[in-house]
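Got your viewer open? Let's take a walk through this model, one selection at a time.

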Amino acid sequence: MIDRYTRPAMGAIWNDRRKIDAWLQIELQVCEAWYRRGRIPEWAIEAIRGASCDIDRMAEIEREVDHDTIAFLRATGETVGEASRYIHLGLTSSDIVDTGLAIQAKAASELLLSEIDALIEIIGRRAIEHRTTLTIGRTHGVFAEPTTFGLKLLVFYEELRRQRTRLASAMDEIAVGKISGAVGTHAHIPPDVETEVLNALDLGVEPISTQIVQRDRHAFFLSVLAGLGGTLEKMALEVRSLQRSEVREAEEPFGEGNQGSSAMPHKRNPHASERVCGLARLVRGYATTGNENIALWHERDISHNSTERVTFPDATCLIDFMLHEITHIYEGLVVYPERMLANLNSGGGVIFSQRVMLALVDSGMDRQTAYKLVQRLAHASWDGGGSFREAVEGDLEISSRLDATTIADLFDPQAQLLHIDASFERVGLLASEVTA
């Protein structure tokens with residue numbers, strides 16, 4: 001991933017040094033297991049414990065042999081002398097590469113989980129802050145009925161919690177290795193060595209492996225990242241929509257020195273939200289590649305390997321960056337309650353059409369008859385025919401069934417929001433916490 005979208009902590013997980021250190025750690029654990037079984041002598045394990053791998057030397061060898069694992073083994077072997085013959089006993093390249101990838105993916109997952117936790121806390125806090133902030137709910141981009149901005153945020157809060165659960169599950173799926181040798185038969189390294197080594201590495205064991213860990217695990221991991229990216233995109237898209245000039249109910253934080261346009265000084269554009277939406281498309285593409293990697297020839301080929309050198313670092317770096325952007329956006333989101341209320345009232349009361357219709361049904365009117373009556377009045381109001389509320393109050397058929405007090409109550413937005421706190425309680429943001 002390019003530096004622009006790579007934050008330091010996540011980038012460090014995927015750099016060459018971290019990868020080679022993981023490979024070396026795996027080889028050392030296997031050697032220790034063999035030593036405990038008497039296959040590696042004391043003098044050799046002492047030398048192996050001091051092994052290292054110079055990345056520049058490894059790259060030099062790789063240019064000769066065109067095989068990174070062999071280059072790694074040779075460069076490492078040069079640091080231990082005669083004891084090098086005991087390194088990689090019974091192993092195949094994928095034992096190291098796949099298990100190393102599991103170590104890196106687990107570390108990346110743990111970092112992402114901590115960032116999701118921080119974002120969930122912020123969204124929950126802001127949902128409580130705006131639980132009674134009236135705004136208009138929109139469907140198809142069109143005015144629907146009143147809601148609160150806090151309820152909008154509560155949707156994100158609960159969805160992020162689901163995505164966190166999925167990512168934790170995906171981490172468990174991906175955090176498995178294999179030390180089973182070529183085609184996974186344990187012909188040259190017994191299962192108890194595999195279990196011992198992977199336990200030492202704090203990884204699970206792939207119960208049945210071929211020459212590789214099966215790629216349905218990797219596809220699931222990338223698909224979960226794509227789903228999380230979709231949630232972050234949804235959150236960004238909401239900001240983009242609310243920041244439009246004709247809406248302007250909320251907007252991204254805009255720093256003192258920010259400039260929104262090279263040409264138009266007045267501009268404050270939702271550029272961070274747009275970045276998140278664009279990057280979500282990339283992550284979805286990586287998920288597609290991950291699913292295409294599930295089907296490999298027989299016990300394995302390496303068509304998956306080239307793609308995973310890109311997809312895993314890139315997808316995790318992008319999600320890390322997107323989480324950081326969304327956290328910054330929503331922590332500093334500027335909310336305009338007065339503008340929300342003005343927009344809510346701008347439709348002349350048509351957003352209460354369902355309440356009027358249901359009141360007529362409760363009075364004994366046929367539902368379809370009530371629907372058509374209210375629809376006619378609402379459409380006339382939309383088309384410039386004046387206030388919908390006034391039209392309802394002046395309609396003889398309606399006034400014959402509903403008194404003035406009842407009609408007035410139908411146009412009270414608070415009356416539609418009596419159960420908002422129940423939604424907060426359902427997700428664990430209880431009324432007592434809201435009040436506090």
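How close do the axes of helix 2 and helix 6 come, and at what angle do they cross? Keep in mind as you look that this is a predicted model. Select residues 16–36 for helix 2, then add residues 93–129 for helix 6. Their axes come within 9 Å and cross at roughly 120°. Angles over 145 degrees would count as roughly antiparallel and 65 to 115 as roughly perpendicular, so this pair is oblique. Helix 2 passes helix 6 in a right-handed crossing.

Now show the side chains where the two meet. On the helix 2 side, pick Arg 18, Lys 19, Ala 22, Trp 23, Gln 25, Ile 26 and Glu 27. Facing them from helix 6 are Ile 96, Val 97, Thr 99, Gly 100, Ile 103, Gln 104 and Ala 107. Try colouring this contact by residue type: you should get seven nonpolar, four polar and three charged residues.

**Next stop: helix 3**

Keep helix 2 on screen and add helix 3, residues 42–49. Here the axes are 10 Å apart, with an angle of about 165°. That is over the 145 degrees cut-off, so helix 2 and helix 3 are roughly antiparallel to each other. The crossing is left-handed.

Which residues of helix 2 meet helix 3? Select Leu 28, Cys 31, Glu 32 and Tyr 35 in helix 2, and you'll find them against Glu 42, Ile 45, Ile 48 and Arg 49 in helix 3. Colour by type again: this contact has five nonpolar and three charged residues, and no polar ones.

**Another pair: helices 9 and 10**

Hide those and select residues 216–242, which is helix 9, together with residues 271–292, which is helix 10. Their axes come within 8 Å and cross at roughly 160°. Helix 9 and helix 10 are therefore roughly antiparallel as well, and their crossing is left-handed. Show the contact between them and you get 14 nonpolar, six polar and four charged residues.

**Into the core**

In soluble globular proteins, nonpolar side chains tend to be buried together. Where can you see that here? Start with the largest nonpolar core, which has 89 residues. Select Ile 123, Leu 225, Leu 232, Ile 326, Tyr 330, Leu 360 and Phe 388, the members that touch the most others. Helix 6, from your first stop, provides the largest share of this core, with twelve residues. There's also a second, separate core of 36 residues, and Ala 33, Ile 40, Leu 89 and Ile 179 are among its members.

Zoom in on Leu 360. What does Leu 360 touch, if you skip residues up to four places away in sequence? Its contacts are Met 365, Ala 370, Leu 373, Val 374, Ile 398, Arg 401 and Leu 402.

Leu 373 leads you on to Asp 395, because Asp 395 is in contact with Leu 373, and also with Arg 376 and Leu 377, once neighbours within four places are left aside. Asp 395 sits in the loop between helix 15 and helix 16. Is Asp 395 buried or exposed? Its relative accessible area is 12%, so it is buried. Measure from its C-alpha atom to that of Leu 373 and you should get 9.6 Å, although the two are 22 residues apart along the chain.

**Loops and a proline**

Most residues other than glycine have a negative phi. Now select Asp 66, which has a positive phi of about 55°. Asp 66 lies in the loop between helix 4 and helix 5 and is exposed, at 67% relative accessible area. Asp 202 also has a positive phi, about 60°. You'll find Asp 202 in the loop between helix 8 and strand 4, where its 53% relative accessibility counts as exposed.

Jump to Glu 256, in the loop between strand 5 and helix 10. At 84% relative accessibility, Glu 256 is exposed too. From its C-alpha atom to that of Arg 161 is 33 Å.

Finish at Pro 337 in helix 12. Pro 337 is partly exposed, at 31%. Its C-alpha is 8.8 Å from that of Phe 149, with their positions 188 residues apart in sequence.

Conventions: Residues are numbered from 1 along each chain as its sequence is written. This is a predicted model: local features need pLDDT of at least 70, side-chain atom pairs count only at pLDDT 80 or more; totals for chains, interfaces and linings use all residues. Side-chain values use heavy atoms; hydrogens and water are left out. A nonpolar core is a set of buried Ala, Val, Leu, Ile, Met, Phe, Trp, Tyr and Cys residues joined through side-chain atoms within 4.5 Å. Buried means under 20% relative accessible area, exposed over 50%, partly exposed in between (1.4 Å probe, protein chains only). Helices (H or I, at least four residues) and strands (E, at least two) are DSSP runs, numbered from the N terminus. Contact means heavy atoms within 4.5 Å. Axes are lines fitted to C-alpha atoms, for helices over the stretch in contact, and angles run from 0 to 180 degrees between N-to-C directions. Angles under 35 degrees count as roughly parallel, over 145 as roughly antiparallel, 65 to 115 as roughly perpendicular and the rest as oblique. A crossing is left-handed if the near helix is turned anticlockwise from the far one by less than a right angle, and right-handed if clockwise. Ala, Val, Leu, Ile, Met, Phe, Trp, Tyr, Cys and Pro count as nonpolar, Asp, Glu, Lys and Arg as charged, and the others, Gly among them, as polar.
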